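Subject: Structure handover

Hello,

Here is the structure, with the sequence alongside. My notes on what turned up in it follow below.

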Amino acid sequence: MLRLKNIKVDPYLKLFYSLVERRTTVKSGREPYWNESFVFEEGQPFLRITLYDKNKIGHDTVLGSAVVDLQEMLRSTEEREIRVEARI
């Protein structure tokens, strides 16, 4: 979950796995939550997630990132929330 205080953002996530990149929908609000699924072919043991703010003009702004150890995640049968640390 992402918490943003008094900042207007239109956040979305990019997921990078091996040479594949996927992108979530753009959300709004101070506590965005994504309930989206992506399928990747087997590859690297890590998934990199980068949080962006969608800008109307210019490049989108990187707000934060996380790296997920997929081997560790596969050992658990429970659904987990992944926290992305914001840099703002």
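**The nonpolar core**

The largest nonpolar core has 13 residues, and Leu13, Leu47, Ile49, Leu51 and Val84 are those with the most contacts inside it. Strands S1, S3 and S4 (61–69) each supply at least two residues of this core. As a general matter, nonpolar side chains in soluble globular proteins tend to be buried together. Please keep in mind throughout that this is a predicted model.

Leu13 can be followed further. Leaving aside neighbours within four places in sequence, Leu13 is in contact with Arg22, Arg23, Thr24, Trp34, Ile49, Thr50, Leu51 and Val84. Three of the core residues named above, Ile49, Leu51 and Val84, are therefore among the contacts of Leu13 as well.

**The chain as a whole**

The protein chain has 1 helix and 5 strands. From the N terminus on, the order of these elements is β-β-β-β-α-β. Of the 88 residues in the chain, 28% count as buried. Among contacts between residues at least 6 apart in sequence, 44% join residues at least 24 apart.

**Strand S1**

How many of the residues of S1 are buried? The count is 7 of the 7 in residues 11–17, so S1 is largely enclosed by the rest of the structure. Buried here means under 20% relative accessible area. In a regular strand the side chains alternate between the two faces of the sheet. For S1, both faces are covered: Pro11, Leu13, Leu15 and Tyr17 are buried on one side, and Tyr12, Lys14 and Phe16 are buried on the other. Note that Lys14 is in that second group.

Which strands pair with S1? One is S3 (residues 46–53), which pairs with S1 in the antiparallel sense over 6 bridges. Another is S2 (residues 20–23), also antiparallel to S1, over 4 bridges. Leu15 has a bridge partner in each of these strands: Ile49 in S3 and Arg22 in S2.

S1 and S2 form a hairpin with 2 residues between them. Ser18 lies in the loop between these two strands. The phi of Ser18 is near 55°, a positive value in a residue other than glycine. Ser18 counts as partly exposed, at 34% relative accessibility.

**Thr50 and Ser65**

Thr50 lies in strand S3. Is Thr50 buried or exposed? With a relative accessible area of 6%, Thr50 is buried. Not counting residues up to four places away in sequence, Thr50 touches Tyr12, Leu13, Lys14 and Phe16, along with Val62, Gly64 and Ser65.

Ser65, one of those contacts of Thr50, has its place in strand S4. Ser65 is partly exposed, with a relative accessible area of 32%. The C-alpha atoms of Ser65 and Arg48 are separated by 7.4 Å, the two residues being 17 apart along the chain.

**The largest pocket**

Rolling a probe the size of a water molecule over the atoms shows where empty space is left. The largest pocket found has a volume of about 1100 Å³. Its lining is made up of 34 residues, of which Leu15, Glu36, Met73, Arg80 and Ile82 lie nearest the centre. S1, S3 and helix H1 (70–75) are the elements that give two or more residues to this lining. H1 provides the largest share, 4 residues. By type, the lining of the largest pocket divides into 21 nonpolar, 7 polar and 6 charged residues.

Leu15 thus appears twice in these notes: as a residue near the centre of the pocket lining, and as a residue of S1 that is buried.

**Helix H1**

Gln71 lies in helix H1. Gln71 is partly exposed, with a relative accessible area of 42%. From C-alpha to C-alpha, Gln71 and Phe46 are 7.9 Å apart in space, while in sequence they are 25 residues apart.

Regards

Terms used
Residues numbered from 1 in each chain as written. Predicted model: local features only at pLDDT ≥ 70, side-chain atom pairs only at ≥ 80, totals over all residues. Heavy atoms only, no water. Buried < 20%, exposed > 50% of the residue type's maximum accessible area, 1.4 Å probe, protein only. Pairing = 2+ DSSP bridges. Core = buried A, V, L, I, M, F, W, Y, C linked by side-chain atoms within 4.5 Å. Contact = heavy atoms within 4.5 Å. 1 Å grid on protein atoms, 1.4 Å probe; cavity = no way out; pocket = protein on both sides within 12 Å on 5 of 7 lines; lining within 4 Å. Points joined across faces, edges and corners; volume = space filled by probe spheres on them. Nonpolar A, V, L, I, M, F, W, Y, C, P; charged D, E, K, R; others polar.
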